[in-house]
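Reader: I am new to this structure. Please show it to me, then let us go through it by question and answer.

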Amino acid sequence: MLRLYSLFVLLCLAFPARAVLDIEVTGAGEHQVPIAIIPFDGEDALNQHISEVVASDLIRTGLFKLVDPEGKAPHEAKEVKYAEWAKAEALAIGKLFRSADGRIEIQFRLLDTVKKTELIGQAVSAKSEQGRAIAHRIADAIYEKMTGSVGVFSTRIAYVNRQGRYNRLVIADSDGYGEQTLLALNQPIMSPAWSPDGNALAYVSFEQGRAFVYAQSLLTQQRVLLAAFPGSNSAPAWSPDGQQLAIVLTHEGSSQIYLVRKDGSDLRRISFSDTIDTEPTFSPDGRYLLFTSDRGGSAQIYRMPVNGGSAERLTFEGSNNFSPRFSPDGKSFVFAHFNGGIFYIAVQDFETKQIQILTPGGWEKKPSFAPNGKLVLFATEVHGRGILATVSSDGRVKQKMTPQQGDIREPTWGPFNRQ
Amino acid sequence: MKKIAISVILASLLSACASNKPVEPFTKTEPVAAAPAAAPVTEAPVVGSAAAPDVNAQALAKAEADAAAQAAAKEAAEVAAKTDAVAPIVPPADPANALSQRSVHFPFDVDAIQDNDKPTIQAHGANLGNHPELKMRTEGNADERGSSEYNLALGQRRASNTRKALVLSGAKMEQIEAISYGEERPMATGHDETSWAQNRRVDIIYK
């Protein structure tokens with residue numbers, strides 16, 4: 001049994017106008033890759049050091065540990081004396097040039113210090129204000145090369161920030177920087193849901209006095225009112241092909257699940273109970289829905305074919321289970337597990353039906369997988385504040401991100417950027 | 001509407017200072033087009049074609065189905081009306097008068113009207129029956145022990161059951177709109193039974 005040792009990093013990344021969250025990481029992966037990240041030559045000219053963002057991205061995963069360069073500062077492969085880097089398995093170096101038109105060019109290399117070979121060599125050109133985005137891309141490249149999984153540092157998250165009655169629907173980079181407010185209201189906003197291409201967000205807004213479902217383009221900001229039937233309209237979830245959404249309506253009685261095309265047409269009811277059926281979410285292959293229902297007397301998670309048909313109860317442990325989301329490989333699902341008055345984040349394997357509790361418990365709600373399946377994002381509470389948290393899908397590494405203002409609710413991890 | 005407009009302006013200011021420049025492709029070196037404007041919606045939302053159900057038709061159908069129940073309820077309403085000869089449109093703040101009660105409460109994860117709230121429901125149902133010009137909204141709420149969506153659904157069931165009970169006491173279905181706030185607008189924010197009990201509630205709001 002490997003002993004878990006605790007890594008405690010408090011990254012109060014001072015970055016004016018964008019310092020949105022304090023980030024705290026605890027726990028570590030079973031094996032941590034020792035890596036040295038040398039400050040890039042010329043990066044002092046930027047208001048954000050590329051190498052620092054790369055390092056903080058990698059550290060937050062719990063899968064890497066930083067090796068102190070101890071004053072050595074190679075910027076090119078020919079300057080590296082491999083004998084000096086025995087403590088590290090990998091070495092990241094780079095140079096940054098500013099071109100005449102104000103753009104920056106970054107030459108970046110990842111070196112294998114054991115095999116003494118180059119793992120990655122890339123040149124990137126960008127506008128100087130895109131330093132963080134470039135750094136996330138470099139971190140993604142290192143992460144993929146060293147772990148074999150695709151990195152998620154360049155992906156985005158969405159959540160609701162609440163201050164009293166003032167609610168903002170926000171999207172941000174996966175590290176909480178670059179907040180962008182899509183909607184601000186003195187009414188509740190709920191259940192943001194990313195379209196599979198990452199170019200639209202569906203959500204529930206009470207701006208008309210009760211729950212309506214909207215879909216908003218992140219490219220044009222244009223909105224479609226998807227559902228405004230009597231009662232509550234809520235719980236949007238996109239199909240994997242992005243052509244339709246599952247939504248929940250109450251105009252025919254209790255909350256029931258419907259399908260609707262993304263332009264609001266062709267509404268079809270697909271669940272038929274006289275109890276609560278809500279929180280639908282599509283399987284990655286688009287054939288099944290998971291949803292929450294109290295048809296058995298308590299709120300539990302069920303699975304049904306998208307085209308209709310009988311539903312199968314999946315959860316039996318704890319008093320209630322809510323908010324299911326498929327893992328990207330479709331082999332398991334994550335959910336909010338309520339037991340003994342406490343909410344936990346848990347995953348259940350479809351094949352073994354085994355449940356694994358990932359978190360210590362608290363007011364932990366609304367889990368969603370990162371698109372690489374390695375992390376789960378959820379909302380929790382610390383000292384009365386609603387905050388963002390992540391846990392690695394093996395439960396080992398935990399991260400808390402506390403906003404400077406307000407309470408965070410309803411987080412959801414967006415898809416991979418497709419470019 | 002004004003509030004929304006102000007919010008929208010706020011949002012556009014906020015988003016203006018946020019960094020949302022699109023990330024350039026990692027391996028390309030040519031410049032990309034300017035960032036798309038981040039302005040949030042400033043106009044009325046576009047309404048999807050399926051988003052305008054025939055509310056009247058539905059209400060009429062339901063009203064017919066409820067006609068029998070209403071006939072029975074009418075008698076009860078008349079009795080209630082006699083005991084309160086001039087039923088007030090704006091009910092008094094006399095705690096002895098059941099009309100002064102504007103909320104009904106529920107146990108955890110329960111949506112059925114409780115016996116001790118029946119006098120409140122009967123009084124408001126009769127009041128609506130005697131004053132067909134009155135309109136009401138039943139607003140369902142839930143405590144935080146559930147997901148936000150489950151609680152929205154639970155609050156909606158509480159509001160709908162309150163509406164049905166009001167109709168059985170003399171109101172007409174179309175006088176009442178049932179909506180839910182779920183756990184989104186708690187009256188009390190503590191993580192304790194005292195707070196939760198206050199939040200498991202349907203508010204009866206005269207419009």
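Reader: Not counting residues up to four places away in sequence, which residues does A:A202 touch?

Author: This is a predicted model. Contact here means C-beta atoms within 7 Å. Leaving out residues up to four places away in sequence, the partners of A:A202 are A:A193, A:V213, A:Y214, A:A215, A:L226, A:P236, A:W238 and A:L245.

Reader: Which helix gives the most to the largest nonpolar core?

Author: Nonpolar side chains tend to be buried together in soluble globular proteins. The largest nonpolar core has 130 residues, and A:A202 is among those that touch the most other members, along with A:I50, A:V54, A:L226 and A:I247. Eight residues of this core come from the top contributor, helix 2 (residues 131–147) of chain A.

Reader: How many residues are in the second, separate core?

Author: Look to chain B for some of its members. B:A165, B:V167, B:A171 and B:I176 are included. The count for this second core is 16 residues.

Reader: Which are the edge strands of the open sheet in chain B?

Author: The sheet has four strands in the order 2-5-3-4, with mixed pairing. An edge strand pairs on one side only. That gives strand 2 (103–105) and strand 4 (176–182) of chain B.

Reader: What is the bridge partner of B:M136 in strand 5 of chain B?

Author: Strand 3 (residues 136–141) and strand 5 (residues 201–206) of chain B run antiparallel, joined by five bridges. For B:M136, the partner in strand 5 of chain B is B:Y206.

Reader: At about what angle does helix 5 of chain B run to strand 4 of chain B?

Author: Helix 5 (residues 148–168) of chain B lies across strands 2, 3, 4 and 5 of chain B. Its angle to strand 4 of chain B is about 155 degrees.

Conventions
Residues are numbered from 1 along each chain as its sequence is written. Chains are lettered from A and ligands numbered from 1 in the order in which they are written. This is a predicted model: local features need pLDDT of at least 70, side-chain atom pairs count only at pLDDT 80 or more; totals for chains, interfaces and linings use all residues. Two strands pair if DSSP finds at least two bridges between them. Helices (H or I, at least four residues) and strands (E, at least two) are DSSP runs, numbered from the N terminus. Two residues are in contact if their C-beta atoms, placed from the backbone, lie within 7 Å. Axes are lines fitted to C-alpha atoms, for helices over the stretch in contact, and angles run from 0 to 180 degrees between N-to-C directions. A nonpolar core is a set of buried Ala, Val, Leu, Ile, Met, Phe, Trp, Tyr and Cys residues joined through C-beta atoms within 7 Å. A residue is buried if 20 or more other C-beta atoms lie within 10 Å of its own, exposed if 12 or fewer, and partly exposed in between; C-beta atoms are placed from the backbone.
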